[in-house]
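This report describes how strands and helices are arranged in one protein chain. The sequence and the structure are shown first, and the description follows.

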Amino acid sequence: MRILLVASAFNSLTQRVHAELRDRRHTVEVHLATAGDEPLRAAVRGFAPDLVIAPMLTTALPRDVWSAVTCLIVHPGPPGDRGPSALDWAIHEDAPLWGVTVLQADELMDAGPVWASAPCPLPPVAKSDLYRNEVSDAAVEAVLRAVRRFASGTHTPRPQSGPDWRAPDHTRPFLRQEVRRIDWARDTTDTVVLKLRAADSRPGVLDELLGGAWYLHGGHPERALRGRPGELLATRAGALCRATRDGAVWIPELRRRRTPGGPATFKLPAVTALGDALPALPELPAPVMPAGDDPVWSDIRYREDGPVGFLRFSFPGGAMSTGHCRRLLDAYRFALTRPTAVLVLGGGRDFFSNGIHLNVIEAAADPAAESWANINAIDDLVEAVLTTTDRLVVAALGGNAAAGGVMLALAADEVWCRRGSVLNPHYRLMGLHGSEYWTYSLPRRVGAAQAARLTGAALPVSAAAALRAGLVDRVLPCTPQEFGPAAARLARLTAASPTVYGRIAAKKAAREADERVRPLADHRTAELAVMHRQFFDPQAPYHALRSAFVRKLPAPAPGA
């Protein structure tokens, strides 16, 4: 079928739906509903879709569109749930189970006939993580079922009224900041963390901090530190520790409240966002390899299980700043000192990596210089993975990866990903050529022709399509919560294989042979020569595209 996706942004769910539908041979186009109804009407006339699907839409479809062609809306709530803050309310109320409903656009928001629905659990993680994982899984299941039912021509969707409709009407309002607000004197650590999780990554929790209005993004409990409720206690890896009534929380990111008529603001690491306004606080680094029962929060952790090492990292939004890359490289070098045969890089349930940190770059005094520092820092990390020849390295992608994050994964000997992962192995939409040794690692895996197609098309790739293309070696058919344990079991089996040391010897020989054909340094030099021009030319498209991206504004037209 011809399916038009209408979305407010080409976000993670829209990308996954796009990739899954293309895998099933549907002809799919995307229209971003950012410029009013007329461009949408033109898109519908020009594409002539059999079906319109809205995976993530913050505005209503015009009546003349949904009355002319069947339009299906993906609502992140179970049947009967209605309102714009469905998932936020579910997390705010600590609901253990939730769901996704695919319903037909109608006069009333979220009240049209239901084509399909699917349940999903809500483990205690942040909203953005849930949205990209459990909610995404349920949404894709429901969308594909709805598409099959529509294609059959025999299915009648269920109206949300009448004797056959038994789901209670659960209409709730927009979840406002008055409800989200943290009472530092009364709220427990668990309550504060729940409020922060329900607001991640948008809109954040509005709060007063050092005399300014800030949105707080992300939250991790701290059980050991204590202080006066609301007091800033320490920093760690760019995050702030703030005291609650009975403990404290780590807050990784802040976003300044936008002033009336002022420019759009964007998230930054908390310490970076506050800058000189931050008082002197102790920096409390976490050990890279904490004791097994140590509950300390850290964005980088290493552990071992016999001959297998696990280096797990989790950076907000998957973005890796210069500092992130350098700290991860230090941890990787530490992991290489350990007596293991297999090293698993990643293994968390959310983003693996999306490459360089565009927000930090945008906020820098000299964005070109910070871009250059960031790309060299991630190149150093990728080089360390590519030149590891004394053990097997596995990249384990529990969530999505894009741009340099995909190329970081491809530097490993094997790439494993979860069935719901989406890969974006390209840079073009940010006006960049890219580095991270992709001109070596991508053609090495998929061939030169396929590498050119992937980087040129700039489209999301599903886990199944990535497996077929050779981008990944294994797809693990498991839930997000199961991915880490499943990858660990597979890594232990790999390390126990009688062939493991032969494979290590073979990879060492292959790396030496490749180096004789063309040294890695040549790839890096050539890639960075192009990147340097793109970074330091103030007229290069990268700068306008980056600025629009971090502020969540429409991308500028080519040549604008």
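## Strands 10, 15 and 16

In this predicted model, Tyr215 has Arg255 of strand 15 as its bridge partner. The pair belongs to an antiparallel pairing of strand 10 (residues 212-217) with strand 15 (residues 253-256), which extends over four bridges.

Strand 15 also pairs with strand 16 (residues 268-269), again in the antiparallel sense and over two bridges. Here Glu253 is matched with Pro269 of strand 16 as its bridge partner. Strand 15 is thus joined by bridges both to strand 10 and to strand 16.

## The six-stranded sheet

An open sheet is built from six strands in the order 2-1-3-4-6-7, and its pairing is mixed. Its edges are strand 2 (27-32) and strand 7 (114-121), each of which pairs on one side only. From one strand to the next, the twist averages 20°.

At one of these edges, strand 7 pairs with strand 6 (residues 97-104) in the antiparallel sense over seven bridges. Within this pairing, Val102 stands opposite Ala116 of strand 7. Helix 1 (residues 12-23) packs on the sheet, where it touches strand 1 (2-7), strand 2, strand 3 (51-54) and strand 4 (71-75). The direction of helix 1 makes about 175° with that of strand 1.

## Strand 19 and its neighbours

Strand 19 (residues 342-346) is mostly covered, with five of its five residues buried. What does this strand pair with, and in which sense? Strand 18 (residues 308-313) pairs with strand 19 in the parallel sense over four bridges, and strand 20 (residues 392-397) runs parallel to strand 19 and is joined to it by five bridges.

Individual residues mark both pairings. Gly309 stands opposite Leu343 in strand 19, while Val344 of strand 19 stands opposite Val394 in strand 20. In general, strands of a sheet pair through backbone hydrogen bonds, in either a parallel or an antiparallel manner. In a regular strand, the side chains alternate between the two faces of the sheet.

## The crossover from strand 18 to strand 19

Which helix forms a β-α-β unit with strand 18 and strand 19? Helix 10 (residues 322-336) does so, and the unit made by strand 18, helix 10 and strand 19 is right-handed. The two strands of this unit are those paired in the parallel sense over four bridges.

Definitions and conventions:
Residues numbered from 1 in each chain as written. Predicted model: local features only at pLDDT ≥ 70, side-chain atom pairs only at ≥ 80, totals over all residues. Heavy atoms only, no water. Buried < 20%, exposed > 50% of the residue type's maximum accessible area, 1.4 Å probe, protein only. Pairing = 2+ DSSP bridges. Right-handed = clockwise from strand over helix to strand, strands pointing away. Axes fitted to C-alpha atoms, helices over the stretch in contact; angles between N-to-C directions. Contact = heavy atoms within 4.5 Å.
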